[in-house]
Structure formats: C-alpha cells, structure tokens
Number of protein chains: 2
Amino acid sequence: MGYQDSAGKALTDYPRPSVAVDVAVLTVPPEQHSPEQELFVLLVRRAGKHQHDAWQLPGTFLHPGEILADACHRALREKVGIEGSEPVQLHVLDDPHRDDRGWVLSVAHLDVVAWRRLERVDTTEVRLAPIAEVRGLAFDHDRIVALAVERLRAEYQETPDPRGLLEEPFTLLDLQRLHEAVVGHELPKDSFRRGMEPRLRATGETQAGVVGKPARLFVRE
Amino acid sequence: MGYQDSAGKALTDYPRPSVAVDVAVLTVPPEQHSPEQELFVLLVRRAGKHQHDAWQLPGTFLHPGEILADACHRALREKVGIEGSEPVQLHVLDDPHRDDRGWVLSVAHLDVVAWRRLERVDTTEVRLAPIAEVRGLAFDHDRIVALAVERLRAEYQETPDPRGLLEEPFTLLDLQRLHEAVVGHELPKDSFRRGMEPRLRATGETQAGVVGKPARLFVRE
DNA sequence: TAAATAGTGTCTCTCAGACACTATGTC
DNA sequence: GACATAGTGTCTGAGAGACACTATTTA
C-alpha cells in the first residue's frame with residue numbers, strides 16, 4: 001500500500017497476522033416454543049477440545065481473495081448448514097494474546113437467522129443457548145455476544161422486525177412479543193401499535209379460530 | 001485458533017493478508033480562523049507518488065504484536081507528529097482488490113484532534129482539507145472519511161463536545177458553533193442551550209471586553 | 001441612549017405512556 | 001350473556017422549536 005516507516009523501508013514484508021471471522025448468530029424462538037421468549041445465540045463445540053462445556057462462536061480463517069462476509073457465509077455453511085444470511089461487522093478483536101496459538105485478529109460479526117432455519121442444528125456439536133446463560137465461551141467470545149446483542153437491540157428500536165425473524169403474516173402482538181424478546185424488556189401495548197402499524201402493510205385478513213376478537217394480519221412493508 | 005476446514009486441515013498455514021490501519025483525523029477550526037466553521041480532515045501526500053493531488057489518509061501496516069490503536073498512534077506520530085489521540089474503529093475494508101499491490105485489509109479509524117495541535121502540520125506533505133472538498137482520495141479513503149463524519153456526528157448529538165475540540169473555558173455560543181460545524185447545519189439557539197447547559201459546569205466567570213452582555217463561561221463536566 | 005449580544009418565559013406541537021373504554025370474536 | 005382478546009379515544013407530562021421579551025454590557 002506504499003506505507004513506509006521512518007527509514008523508508010516498505011512494510012509489506014513484515015510478518016502478517018492471521019485474520020479470522022467469528023459470527024454471533026442470534027435468533028428468537030417462536031411463541032409456542034417457549035412462553036418466555038428471549039434471544040438465543042448459536043454455539044459450536046470448540047474444535048479439537050473434548051473437555052465438557054467448551055463452546056465457541058462459529059468462525060473461520062479468511063481465505064486468500066475472500067471478503068469477510070463470504071468467510072462468514074462459509075463458516076456457517078460448513079459448520080451449521082446455513083445459507084444466505086447477512087452478517088454485519090461489529091468490531092476487530094486485536095489483543096495479540098487473545099489466542100495462545102498465534103497472532104490472530106478476529107473480525108466479530110452479527111448475523112440473524114430465523115428460528116425455523118436453526119431448529120435442526122441442535123446436535124452434540126452445535127447448540128442454541130439463551131444469551132443470559134452464556135458465560136465462559138472460548139477466547140473473547142463472551143464480548144462478541146455482548147456486542148452483537150447491543151447492535152441487534154439498536155436495529156430493533158427503529159423498525160418492525162428489520163431482520164425478518166417473524167414468519168409472515170403476523171399479528172401486532174406477535175411482533176410486540178418478538179421486539180420484547182430482542183430488547184429484553186416489556187413494551188407498552190398502545191405506543192407499540194401506534195409506532196409500528198404505519199410501517200406495516202395489512203393483508204386484510206384476520207386470525208381465525210381464536211378466542212377473543214381476531215387480530216388483523218400484517219406483512220413487512 | 002483451531003478452526004478447521006471440512007477436510008480437517010488446520011488453516012493457519014493459509015496465506016495471510018496484510019493488515020493496515022487508516023485514520024481519518026477530523027477537526028474544526030476555531031471561530032476566528034474562519035467565519036464558516038466546518039469539519040476538516042487531515043490528509044498526507046500519497047507515499048511514493050509524485051503526481052499532483054495524490055492524497056490519502058495517514059495509515060500504516062500493523063506490526064507484529066501490536067494492537068490496532070497503537071498502529072494508529074504510530075502512524076500519526078511518525079507522519080504528523082501527533083501524540084495521545086484516541087482512535088476508534090469504524091469498519092474493515094476488505095475488497096481483495098482495493099490495493100493493486102497486494103492483499104491488504106484496512107481497519108478504518110476515526111480520530112479527533114483539536115485544531116491547535118494540527119496547525120503546524122500544514123506542510124507540502126500534510127494538509128487539512130474541508131470535508132466538502134475531499135474527493136478522489138487514494139484507495140477507498142473517500143468512504144472512510146464518510147464513515148468517520150457519520151460517526152462523529154452521532155457522538156455530537158448527545159453530549160457537549162465529547163471529544164474536547166473546544167478550549168476551556170468556552171461560551172455556550174462557542175459550543176453551539178462547534179456543534180453546528182460538526183453536524184453540518186444550524187441549530188436552534190434556545191433548545192441548544194436548554195439541552196446543553198445542564199451537562200456543563202459554569203466557572204462563575206464571564207467574558208470581558210466584548211460588545212453586548214458578556215457571556216458566561218463553562219467547562220465540560 | 002443606542003446598539004449588540006446573552007439569556008429566558010411561554011406558547012404550541014408532537015410524541016410516549018397511562019388508562020379506560022369500545023369492538024368483536026368464542027364458549 | 002360471560003369471557004377473552006383486539007384495538008382506540010383521550011388525558012397528561014416531557015421535550016423541541018418558534019418567538020418575543022428581558023438583561024447587561026460597550027460605544
């Protein structure tokens with residue numbers, strides 16, 4: 001890149017770090033699955049380690065000529081069998097001693113995948129854990145989870161289900177439960193409706209066969 | 001890090017990218033320097049290129065064992081003579097072809113430095129340019145400037161001069177002019193005062209020798 | 001006293017939250 | 001009709017912007 005140090009020597013000959021991506025895949029279970037909806041994160045068993053409870057986020061090294069997003073896609077495809085997600089960068093973790101096997105920078109990512117696409121991955125090698133119970137992950141992955149949750153909460157402040165976690169069509173109550181799971185606390189019913197309804201499109205249909213007044217159904221605009 | 005591909009081969013042997021940092025140093029001139037205050041960015045002449053108007057952001061390659069913030073500090077010390085700034089990460093630029101001399105990832109950073117500490121650096125090799133006039137920088141540095149401006153504007157929405165661009169003590173009008181320069185548009189006088197004053201500490205002193213009612217002086221809390 | 005700038009009182013508008021009320025379905 | 005849930009009308013308080021008014025200095 002033409003950077004030179006004070007002696008004028010080109011610096012591209014210096015030793016290079018390994019560059020990895022790590023992805024915090026967040027999701028929310030549907031209401032019928034658990035009455036208390038909350039955020040879950042996808043964990044994989046730590047490679048090469050067979051001790052109990054050694055978990056980490058899915059990740060991989062960046063391959064030559066590859067962009068970071070594609071490395072994320074590859075990691076999720078190979079380890080979890082997920083396709084077509086949309087990772088976003090969070091932060092570069094750069095402590096030179098964060099990995100005791102060498103100099104590894106990790107670019108932390110957030111990804112969001114609907115529960116339905118993750119149900120089948122719950123095996124001995126892969127599991128979904130409520131974020132409140134995630135402690136002691138390998139490396140600095142606890143911090144990545146915290147960054148991912150913070151970012152997702154910011155995204156869900158503004159827009160109705162911007163990441164498409166909910167299956168369409170949905171009721172306003174479905175949407176509210178989802179947003180409550182993401183932001184981690186209850187929301188006032190009427191303010192939520194007034195804020196969200198103008199940003200949705202009503203299908204014209206209503207729920208059928210439910211007790212009480214049937215709710216109108218909506219899709220994302 | 002123990003990542004393995006599907007064949008089980010450890011990946012740390014793959015070719016590694018060079019990792020660089022590039023820093024958008026933003027500042028605002030004091031009022032007496034230019035009536036129209038606006039954001040300026042620090043540019044350095046593109047190394048090894050002698051064509052006219054070949055400018056880029058200061059940057060450097062990451063050295064072994066170094067964290068990104070220290071690489072930023074080193075770049076600014078060696079090229080511009082600045083010490084003690086506080087870079088924050090913005091984004092990783094990862095287009096494999098962004099640098100035609102090799103595979104170079106760049107971690108873009110924002111830094112903010114008071115004008116007073118930058119005045120002396122305006123030489124043939126280094127200059128300060130208003131952000132509105134910055135176009136056609138080397139590599140993807142135009143985009144880094146845009147990201148840096150966006151981040152700085154967000155920081156200045158909340159807090160009075162969080163980056164310490166203003167010399168203390170200052171008047172509320174000084175502070176307002178600064179914030180207007182950062183966010184890029186005028187702000188209502190009375191709302192600005194009401195929002196900011198509770199977050200400042202009055203020194204008890206006032207301006208002396210000015211026409212009109214002398215303004216009270218404040219420092220950051 | 002005139003001019004200039006600092007600082008405030010107050011009105012209005014909007015928006016979020018609280019709360020109670022109405023609407024419309026099942027049992 | 002009893003019950004349950006969806007959806008709304010309205011009040012209140014907080015905060016932003018508009019605007020005019022008061023306050024305090026120099027010339």
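A polar contact is taken here as a pair of N or O atoms within 3.5 Å; within protein, one must be able to donate a hydrogen and the other to accept it, and residues adjacent in sequence count only if both atoms are side-chain atoms. The model is predicted, with local features needing pLDDT of at least 70, side-chain atom pairs counting only at pLDDT 80 or more, and totals for chains, interfaces and linings using all residues. Residues are numbered from 1 along each chain as its sequence is written, chains are lettered from A and ligands numbered from 1 in the order in which they are written, and side-chain values use heavy atoms, with hydrogens and water left out.

In chain A, the backbone of A:Arg216 places a polar atom 2.8 Å from a phosphate oxygen of DNA strand D. The side chain of A:Arg193 also meets the phosphates, with an N or O atom 2.3 Å from a phosphate oxygen of the strand. A:Arg194 instead turns up at a base: a polar atom of its side chain is 3.1 Å from a base oxygen of DNA strand D. Two elements, α4 (189–196) of chain A and α4 (189–196) of chain B, each give two or more residues to the surface near the strand (helices, H or I, are DSSP runs of at least four residues, and strands, E, of at least two, numbered from the N terminus; near means a heavy atom within 4 Å).

Within chain A, A:Gln176 and A:His179 are among the residues of α3(A) that meet α4(A), whose partners include A:Phe192 and A:Arg193 (contact means heavy atoms within 4.5 Å). α3(A) and α4(A) are roughly perpendicular to each other, a label for angles of 65 to 115 degrees, with those under 35 counted as roughly parallel, over 145 as roughly antiparallel and the rest as oblique.
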